[in-house]
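Open the model in your viewer and keep the sequence panel beside it. The tour below goes selection by selection.

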Amino acid sequence: VVPTDDLAGVGADDLRKQGIEDAAEGVAAEVGGDEFFVGVAQDALHGACRRGGLDRGVDRFDRTLVKSAYHDDGIDDHGAYCGPVDGFIDWAFQLHSQQHATTHHCIFNHTCDLTGELAHTETYYMFVANNRKGPMSLHYGRYVDRFEKRAGRWAIAQRVCVVDGAGILNPDPTPPEWMEVMRSNATNSRD
């Protein structure tokens, strides 16, 4: 991890000489046409995208973690819900607790168009739901986000969840005995 204070007054050439190729998320870097600093800011944005949203925070019903990805006045548009982030969290937690025994959200490809303290990103996602009724389901699409850097912190100001598809996985259930053996090494829970 490279703390922000450690980068104060340090130029891109100095950092390259120190061998720092990949700065950690949350690094507040000025973007002034230098490819290295653009890369640092883009890495920080991808890190901000990974911190919460619909991945680990939603899978574990961790309100603080989900909220950490957004600015306090952030807006989320998931189609069935569109509004402030606090309402989104309530909606998502209720939906997942009622419909799914467990969920597993993942994010993948990430693109970023950065202009100063504003960034437009597109991040591919996929989640698998262990449905309470019926077979497991797979959902996939893209998060189209507007990130803003406020007070040195990148976070989501507005998110649109674009659903590209969904389907059923393995309509023939896995035998319970096999699942028991596969899960014998760890607890399957939201904790």
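**Aromatic pairs**

The structure holds six aromatic pairs. Remember that this is a predicted model. Select phenylalanine 88 and tryptophan 91 to start. Their rings form a tilted pair, 6.1 Å centre to centre, with 35° between the planes. Both residues lie in helix 5, three residues apart, which is about one turn of the helix.

Now colour by accessibility. Is phenylalanine 88 buried or exposed? Phenylalanine 88 has a relative accessible area of 0%, so it counts as buried. Tryptophan 91 comes out at 25%, so it is partly exposed.

Next, select tyrosine 125 and tyrosine 143. This aromatic pair is stacked: the centres are 4.6 Å apart and the planes differ by 15°. The pair links distant parts of the chain, with tyrosine 125 in strand 4 and tyrosine 143 in strand 5, 18 residues apart. Tyrosine 125 and tyrosine 143 are both buried.

Stay on tyrosine 143 and add arginine 159. Arginine 159 lies over the face of the tyrosine 143 ring, at 3.9 Å from the ring centre.

Then widen the selection around helix 5. Tyr70, Tyr81, Phe88 and Trp91 form one aromatic cluster.

**The sheet**

Switch to cartoon. Six strands form an open sheet, in the order 2-1-6-5-4-3, and the pairing is mixed. Which strands are at the edges? They are strand 2 (82-84) and strand 3, and each pairs on one side only. On average, neighbouring strands of this sheet are turned by 20° against each other, direction ignored.

Show helix 5 (residues 85-99) together with the sheet. Helix 5 lies across strand 1 (70-77), strand 2, strand 3 and strand 4 (118-131). Against strand 3, helix 5 runs at about 145°.

**Strands 4 and 5**

Select strand 4 and strand 5. They run antiparallel and are joined by twelve bridges. Pick out phenylalanine 127: its bridge partner in strand 5 is histidine 139.

Follow the chain round the turn. Strand 4 and strand 5 form a hairpin with five residues between them. Glycine 134 sits in that turn and has a positive phi of about 85°.

**Strands 5 and 6**

Move to strand 5 (residues 137-150) and strand 6 (residues 153-168). How many bridges join strand 5 to strand 6? There are 14, and the two strands run antiparallel. Two residue pairs are worth labelling. Tyrosine 140 has glycine 165 as its bridge partner in strand 6. Phenylalanine 147 stands opposite isoleucine 156 in strand 6.

The hairpin of strand 5 and strand 6 has two residues between the strands. Select alanine 151, found in the loop between these strands. Its phi is near 50°, a positive value in a residue other than glycine. Alanine 151 has a relative accessibility of 89%, so it counts as exposed.

**A second positive phi**

Jump to phenylalanine 61. This residue is in the loop between helix 3 (56-59) and helix 4 (63-67). Phenylalanine 61 has a positive phi of about 55°, although it is not a glycine. Its relative accessible area is 28%, so phenylalanine 61 is partly exposed.

**Histidine 104**

Last stop: histidine 104. Where is histidine 104 placed? It is in strand 3 (residues 100-115), one of the edge strands of the sheet. The relative accessible area of histidine 104 is 49%, so it counts as partly exposed. The cut-off matters here: exposed means over 50%.

Show the contacts of histidine 104, leaving aside neighbours within four places in sequence. The contacts are Asp59, Met126, Phe127 and Val128. Put a distance label between the C-alpha atoms of histidine 104 and phenylalanine 127. They are separated by 5.3 Å, and the two residues are 23 residues apart along the chain. From phenylalanine 127 you can step back across to histidine 139, its bridge partner in strand 5.

Methods. Residues numbered from 1 in each chain as written. Predicted model: local features only at pLDDT ≥ 70, side-chain atom pairs only at ≥ 80, totals over all residues. Heavy atoms only, no water. Helix = DSSP H or I, 4+ residues; strand = E, 2+ residues; numbered from the N terminus. Buried < 20%, exposed > 50% of the residue type's maximum accessible area, 1.4 Å probe, protein only. Contact = heavy atoms within 4.5 Å. Pairing = 2+ DSSP bridges. Axes fitted to C-alpha atoms, helices over the stretch in contact; angles between N-to-C directions. Phe/Tyr/Trp six-rings, centres within 6.5 Å; stacked < 30°, edge-to-face > 60°. Lys NZ or Arg CZ within 6 Å of the ring centre and 35° of its normal.
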